[in-house]
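Trainee: I would like a close look at one thing: the empty space inside this protein. Please start with the enclosed part and then work outward.

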Amino acid sequence: MILERILDLDDFARAARAQLPRAVYGYVANGSETETTLRENRAAFSDWQLVTRVLAGVETRDQTIDLFGHIYASPFGIAPMGGSALVAYQGHLVMAHAAYQANIPFILSANSIIPLEEVLTCNPDAWFAAYQSPEDEAIRGMATRLTRAGGKTMVITADVPIGSNREGDARAGFGFPIRPDARLSFDVATHPRWTGSVLLRTLLRRGVPDIVNLEPWGGPGLFSRKVKSIAAHEGLRWAHVRLMRDLWRGTLIVKGILSAADAAAAREIGVDGIILSNHGGRQLDCAVAPIRVLPDVLAQAGGMVVMVDSGFRRGTDIVKALARGAHAVFVGRPFLYAAACAGTRGVSHAITLLAKELDRDMAMLGVRNINEITSEILRRA
Ligand SMILES: Cc1cc2nc3c(=O)[nH]c(=O)nc-3n(C[C@H](O)[C@H](O)[C@H](O)COP(=O)(O)O)c2cc1C
């Protein structure tokens, strides 16, 4: 892949679409049901325009941020994405490595086949996003496992009480557990490059993989029936977050919050940070775009770090979220497409593109550091 031709994050989506089986690309790209939220995540950014300040002397610009005592190079990171190994060879390791090199946050999803211990060896700063089972033993076990592995940051994904309805996946014959029907088999057979470089290579290296980070003791095989309900926990409650808070001494984050009331609940428990998210339009269709609810949530956040994801593709998107009070932003799909297209090199290129966009935006806005990005630069469209 000639990376010089990739000029923005959406170029990675187009390149990945051309090389991945339809079902695999769709697994990443699809939103749920009518995909209203998927579209809304992009559309919401148009509600604000930027007001520049000129002649500000912007020859030195600094986009570093302090998150939980770590100085990161940029105010954006890589969101947790399950199933990455199906999309890119060693997808999670590839993204973890590129994020570590660039010194940006990386969150490993529990829905992964590379042991979190191996990922933390490659990237000691990686955060871990649990699809936490609501049993005390599982909560205790996960806190212990992550502590032993040297993990410092535990994220609990809260917006998957139940699997969502992504009809695009079903139409392409894709679902968990993977059960290749005629459609899917044809799709795979007509994409020999992916079959060889991702599927066969993974099977050769790891055998038929287990989803090893789901539970403290491991997880079901990728093709097992038990995979059906892997991530969804209808019985997960704030009481379980409270127990995790009691047991886990590191940084604790809840991901998937959209309401001020839930932000207040997290704050009362002593959670360190929250990630506002509608899961990239993959869970409840018609859910609000997180950037819209930022002020309401911030009013209830107290001292918590408030981060946001869903639909961020441009430096200006990041600027708008920071100006509305977010402390950091996460980006999902583009980094996985970049891993699929060109491995670590691809992800590094994607990080560089976004960091350069933000740097240029800061210069033209007349701001020299992240603290100078305030609501004064925003005007309602
Ligand atoms: C393929 C894929 C898998 C995902 N898996 C997870 C997951 O395992 N855990 C989680 O908390 N979020 C998961 N998400 C949601 C992302 O963390 C993030 O919220 C979302 O992708 C952000 O939207 P964006 O892709 O538009 O940037 C997944 C998203 C995608 C695209």
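**Cavities and the ligand pocket**

Mentor: Start with the largest cavity, whose lining is made up of Ala85, Leu86, Ile113, Val198, Leu199, Thr202, Leu203, Pro209, Leu222 and Phe223. Keep in mind that this is a predicted model. How do we find such spaces? A probe the size of a water molecule is rolled over the atoms, and this shows where empty space is left. The largest cavity has a volume of about 80 Å³. Two elements give two or more residues each to its lining: helix 4, residues 84-87, and helix 10, residues 192-206. Helix 10 has the largest share, with four residues. Now sort the lining by class. Nine of its residues are nonpolar, one is polar and none is charged.

How many cavities of 30 Å³ or more are there? The count is five. Take the second largest next. Its space is about 60 Å³. Gly83, Ser84, Ala85, Leu86, His92, Asn111, Ser112, Ile113, Phe176, Ile211 and Leu222 form its lining. Look at Ala85 and Leu86: they line the largest cavity, and they line the second largest cavity as well. Ile113 and Leu222 also belong to the lining of the largest cavity and to that of the second largest. Helix 4 gives the largest share of the second lining, three residues. By class, this lining has six nonpolar and five polar residues, with no charged ones.

Now move to the pockets. The largest pocket has a volume of about 1,000 Å³. It is lined by 45 residues, and Tyr27, Ser164, Arg166, Arg282 and Gln283 are the closest to its centre. Several elements supply at least two lining residues each: helix 2 (22-29), helix 8 (167-171), strand 11 (328-331) and helix 15 (333-365). Which element gives the most? Helix 8 does, with three residues. Here charged residues do appear: the lining has nine of them, along with 20 nonpolar and 16 polar residues.

What takes up this space? The ligand sits in the largest pocket. Its shell holds 21 residues, and Pro80, Gly82, Ser109, Thr157 and Asp309 come nearest. The shell divides into seven nonpolar, nine polar and five charged residues.

Go through three of the residues that come nearest, one at a time. Begin with Gly82. One of its backbone N or O atoms lies 2.8 Å from a nitrogen atom of the ligand. Next is Ser109. A polar atom of its side chain lies 2.6 Å from an oxygen atom of the ligand. Last comes Asp309. An N or O atom of its side chain is 2.7 Å from an oxygen atom of the ligand. How much of the ligand's accessible area does the protein cover? On its own, the ligand has 610 Å² of accessible area, and the protein covers 98% of it.

To recap, keep two places in view. The largest cavity is lined with nine nonpolar residues and one polar residue. The largest pocket is the space taken by the ligand.

Definitions and conventions
Residues numbered from 1 in each chain as written. Predicted model: local features only at pLDDT ≥ 70, side-chain atom pairs only at ≥ 80, totals over all residues. Heavy atoms only, no water. 1 Å grid on protein atoms, 1.4 Å probe; cavity = no way out; pocket = protein on both sides within 12 Å on 5 of 7 lines; lining within 4 Å. Points joined across faces, edges and corners; volume = space filled by probe spheres on them. Nonpolar A, V, L, I, M, F, W, Y, C, P; charged D, E, K, R; others polar. Near = heavy atom within 4 Å. Polar contact = N/O pair within 3.5 Å; in protein donor to acceptor, adjacent residues only side chain to side chain. Areas by Shrake-Rupley, 256 points an atom, 1.4 Å probe, with all protein chains shown as cover. Sits in = over half its atoms within 2 Å of the grid points.
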